[in-house]
Amino acid sequence: MKKRILTGDRPTGKLHLGHYVGSLRSRVELQHEYDLFVIIADVQALTTNWDRPEQLASDVREVTKDYLAVGIDPGVATIFIQSMVPQIAELTIFYSMFVPVNVLRHNPTIKTEAAQKGYKELNYGFLGYPVSQAADITFCKAHLVPVGKDQKPHLELTRKIARRFNELYGEVLVEPEAMIQPLLKGLDGSTKMSKSLDNAIYLSDPAEEVLRKVKSAVTDPARIRIDDLGHPRICTVFAYQKEFNAGFAPELEKICKKGQIGCVDCKHRLAAVLNEMLEPIRQKRAYYEAHIDEVDDILRAGTKRAVEEGARTLADVKHAMQIDYFGTPGA
Ligand code: TRP
């Protein structure tokens, strides 16, 4: 039997290069070797967007189109919608019985996010979303979770929850491993490319937009004239070159340090490489834009499979917790 991977995204709009480097790319590489489950975490999106639920229907489809466009293959992978798998909500409740509130309060990713959003008070669902994320991962007994390093605290909590559950009630859950993926910087040089920081290049951006955004990226502030000596280690554009134009990066590093290539030239080369990579993705996306019924069918089929998995796990969970009072239905 293949080992299982679970990973996914909050549907908050179109996906960007940060998602690509941070997990989409590895999903496509691993989907044949592993049984890949991809969660569209719409309930988790509500933890910060509860006042804008009307956006979810289109955002769920935008994310799915991006998945299909980058090459996640619904023939092998299971793409599903979190809110349509009731077993995830059930598990969240059961886990919440033994997760101390202080552990959640000290979660560094929650703290950073709360500060970024300017939250003065933390809502129960927001504070508790890492518990729900543990349910996302364990409802299908996933072994591996490819995520960016900002998600590491959530994975550590998931492992603790699985371990604790198994100690308390018996060996039912799989303790998953994180596969930490690189984080991509934002165009403004901040540590993470993100929609909310408005520093992202989207997978669906047209070629001119990609060039325009690359031109706007921050570079080494010490370089004003073309022959000023560069410091590629602190340059965002160099970080992108290393990621997307790896063959050229060593040479670029040398000539940048000697002031033998200007930032404008460097940026044009980067935009060209990005556009070459993105063009087939844009084309495939356009196909799904025109065939939205296929997108919905893929989501329905994936969600059905996820619910079947969830039902199996919940039967085991309730049996272990001795709350299967009338036996397991169908068993
Ligand atoms: N928290 C993740 C993010 O913000 C999304 C997510 C929800 C997720 N459930 C998951 C990631 C389960 C991995 C596994 O990007």
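## Contacts, rings and a ligand in a predicted model

Leaving out residues up to four places away in sequence, Thr48 touches Arg10, Glu113, Lys117, Tyr119 and Phe126. The structure in which these contacts appear is a predicted model. Thr48 has its place in helix α2, which covers residues 42–49, and the side chain of Thr48 makes a polar contact of 3.3 Å with the side chain of Asn49. Is Thr48 buried or exposed? With a relative accessibility of 7%, Thr48 counts as buried, because buried means under 20% relative accessible area.

Two of the residues that Thr48 touches, Tyr119 and Phe126, lead on to the aromatic rings. Trp50, Tyr119, Phe126 and Tyr129 form one aromatic cluster. In this model the count of aromatic pairs comes to 10. One of them joins Phe37 and Phe80, whose rings lie 6.1 Å apart from centre to centre, with 70 degrees between their planes, in an edge-to-face arrangement. Phe37 belongs to strand β2 (residues 35–40) and Phe80 to strand β3 (residues 78–81), so this pair ties together parts that are 43 residues apart in sequence. Phe37 is buried, with a relative accessible area of 0%, and Phe80 also counts as buried, at 0% relative accessibility. Tyr119 and Phe126 form an edge-to-face pair as well, with 5.2 Å between the ring centres and 85 degrees between the planes. Here Tyr119 is partly exposed, with a relative accessible area of 22%, whereas Phe126 is buried, with a value of 1%.

Arg10, another residue that Thr48 touches, has its charged end over the ring of Tyr129, at 4.7 Å from the centre of that ring. Arg10 also takes part in the surroundings of the ligand, which is surrounded by 13 residues, the closest being Arg10, Gln44, Gln133, Asp136 and Gln151. Which atoms of the ligand lie by the polar side-chain atoms of Arg10, Gln44 and Gln151? The table sets out these three distances.

| Residue | Ligand atom | Distance from a polar side-chain atom |
|---|---|---|
| Arg10 | oxygen | 3.4 Å |
| Gln44 | nitrogen | 2.7 Å |
| Gln151 | nitrogen | 2.9 Å |

Taken alone, the ligand exposes 360 Å², and the protein buries 89% of that area.

Two further residues lie in loops. Ser194 is found in the loop between β5 (177–181) and α10 (207–216), and Ser194 is buried, with a relative accessible area of 11%. A polar atom of the side chain of Ser194 lies 3.2 Å from the backbone nitrogen of Leu197. When neighbours within four places in sequence are left aside, Ser194 is in contact with His16, Asn199 and Ala200.

The second of these residues, Arg223, lies in the loop between α10 and α11 (236–244), and Arg223 is buried, with a relative accessible area of 10%. Which residues does Arg223 touch, if those up to four places away in sequence are not counted? They are Asp228, Leu229, Gly230, Cys256, Gly259, Ile261, Gly262 and Cys263. For one of these residues, Cys256, the separation from Arg223 is 33 residues in sequence, while the two lie 9.8 Å apart in space, C-alpha to C-alpha.

Conventions. Residues numbered from 1 in each chain as written. Predicted model: local features only at pLDDT ≥ 70, side-chain atom pairs only at ≥ 80, totals over all residues. Heavy atoms only, no water. Phe/Tyr/Trp six-rings, centres within 6.5 Å; stacked < 30°, edge-to-face > 60°. Helix = DSSP H or I, 4+ residues; strand = E, 2+ residues; numbered from the N terminus. Buried < 20%, exposed > 50% of the residue type's maximum accessible area, 1.4 Å probe, protein only. Lys NZ or Arg CZ within 6 Å of the ring centre and 35° of its normal. Near = heavy atom within 4 Å. Polar contact = N/O pair within 3.5 Å; in protein donor to acceptor, adjacent residues only side chain to side chain. Areas by Shrake-Rupley, 256 points an atom, 1.4 Å probe, with all protein chains shown as cover. Contact = heavy atoms within 4.5 Å.
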